[in-house]
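User: I'd like a close look at one part of this protein, the strands and what packs around them. Could you walk me through it?

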Amino acid sequence: PYTTLFRSRDNTGFTFTNWTENGNLVSTNANYTFTVTGNRNLVANFSTNAHTITAIAEPSDGGTIRGAGNYEYGASCTLTATANEGYNFVEWTKDGVQVSTDASYTFTVTASETYVAHFQEDDSVEDYMIASQIFPNPFTSVLSIATEQVLQSIRVYDIYGRLLKEQISLDRKSGSAGMPRP
C-alpha cells in the first residue's frame with residue numbers, strides 16, 4: 001500500500017468546499033491524505049465566492065438606487081439610480097473614479113465593492129416660469145408671484161444673472177408671495 005496526498009487549489013472566484021467519493025463526503029480539508037488500497041474516484045468540490053455590492057446616493061436625498069446586494073463571482077450586476085424631484089443624476093464612481101455617466105450601470109462582479117451615485121440639485125426654473133405670473137410689471141416696491149406650484153423658495157435674478165433677492169414672505173391665505181424690491 002502507498003500513502004497519497006491530494007491537494008486542491010482554489011481558482012479565482014472559487015473556494016474549496018470538500019472531497020467526495022460517489023456522492024459521499026470524504027473530507028473537508030483541502031489537503032487529503034489516504035492509503036491507496038485500490039482505485040478511487042475522488043472529486044474536489046468548490047463553491048463560487050459571494051461578493052457584496054454596495055451602492056450609496058450622494059447626497060443621500062438626491063435619489064434612490066436599485067441593484068445593490070450579494071452576487072456570486074462572475075455574475076452580472078446592474079445598478080440603477082433614479083433622481084428624486086429637484087435633482088439630476090450625474091455619474092457613478094468607484095473609489096473616487098468615474099465608471100459611468102449612465103443612470104444604469106452594468107458590470108461583472110469580481111469582488112466586494114462600493115459604488116456611489118452622484119446627484120446634483122436641479123436649480124433650473126424653466127418649468128415654473130411658464131406657469132407663473134409676476135406682477136406688477138414693472139414693479140416699484142413689491143414683486144408678487146402667482147403660481148399653482150407649491151413654492152419652497154424663490155430667487156430673483158436680474159437680466160445679467162446676478163442674484164437680487166433670496167428672501168421670501170408667503171401669504172398662505174391667498175397663495176401669493178410678496179418680496180420687497182432690493
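Which strands form the open sheet, and in what order?

Analyst: Bear in mind that this is a predicted model. The open sheet is made of three strands, ordered S7-S9-S12, with antiparallel pairing. S7 (63-66) and S12 sit at the edges with a single partner strand each, so one side of each has no neighbour in the sheet. On average, neighbouring strands here are turned by 15° against each other, ignoring direction. If you zoom in on S9 and S12, you'll find five bridges holding this antiparallel pair together, and Ser 76 facing Thr 108 of S12.

Now follow S9 into the interior. Strand S9 (76-83) is one of the strands that feed the largest nonpolar core, together with S6 (50-58), S10, S12 (104-108) and S13, and each of them supplies at least two residues. That core has 14 residues, and the ones touching the most other members are Ile 53, Leu 79, Trp 92, Phe 107, Tyr 115 and Phe 119. Leu 79 is a good place to park your view: leaving aside residues up to four places away in sequence, its contacts include Ile 53, Trp 92, Phe 107 and Tyr 115. Leu 79 also touches Arg 66, Gly 67 and Ala 68, among others. As a rule of thumb, nonpolar side chains in soluble globular proteins tend to be buried together. There's also a second, separate core of five residues, including Phe 16, Trp 19, Tyr 32 and Leu 42.

Next, look at the strands that pair with S13. S10 (residues 87-94) runs antiparallel to S13 (residues 113-121), with seven bridges between them. Two of the pairings are easy to pick out: Trp 92 has Ala 117 as its bridge partner in S13, and Asn 88 is opposite Gln 120. S6 pairs with S13 too, but in the parallel sense, through six bridges; in that pairing Ile 53 stands opposite Glu 113. S10 also has S11 (residues 97-100) as an antiparallel partner over three bridges, with Lys 94 bridged to Val 97 of S11. S10 and S11 make a hairpin with two residues between them, and Asp 95 in the turn has a positive phi of about 55°.

Lys 94 and Glu 113 bring us to the charged side chains, and the structure holds two salt bridges. In one, the side chains of Lys 94 and Glu 113 meet at 3.0 Å, N to O. That pair ties S10 to S13 across 19 residues of chain. Lys 94 is partly exposed, at a relative accessible area of 23%, whereas Glu 113 counts as buried because its relative accessibility is 16%, with the cut-off for buried at under 20%.

The other salt bridge joins Arg 40 and Glu 21, again through their side chains, at 2.7 Å, N to O. Here Arg 40 sits in the loop between S4 (31-36) and S5 (42-48), while Glu 21 is in S2, 19 residues apart. Glu 21 is buried, at a relative accessible area of 17%, but Arg 40 is partly exposed at 30%. Not counting residues up to four places away in sequence, Glu 21 touches Val 26, Arg 40, Asn 41 and Leu 42. Leu 42 is one of the residues in that second core.

Key: Residues numbered from 1 in each chain as written. Predicted model: local features only at pLDDT ≥ 70, side-chain atom pairs only at ≥ 80, totals over all residues. Heavy atoms only, no water. Pairing = 2+ DSSP bridges. Helix = DSSP H or I, 4+ residues; strand = E, 2+ residues; numbered from the N terminus. Core = buried A, V, L, I, M, F, W, Y, C linked by side-chain atoms within 4.5 Å. Buried < 20%, exposed > 50% of the residue type's maximum accessible area, 1.4 Å probe, protein only. Contact = heavy atoms within 4.5 Å. Axes fitted to C-alpha atoms, helices over the stretch in contact; angles between N-to-C directions. Salt bridge = Lys/Arg side-chain N within 4 Å of Asp/Glu carboxyl O.
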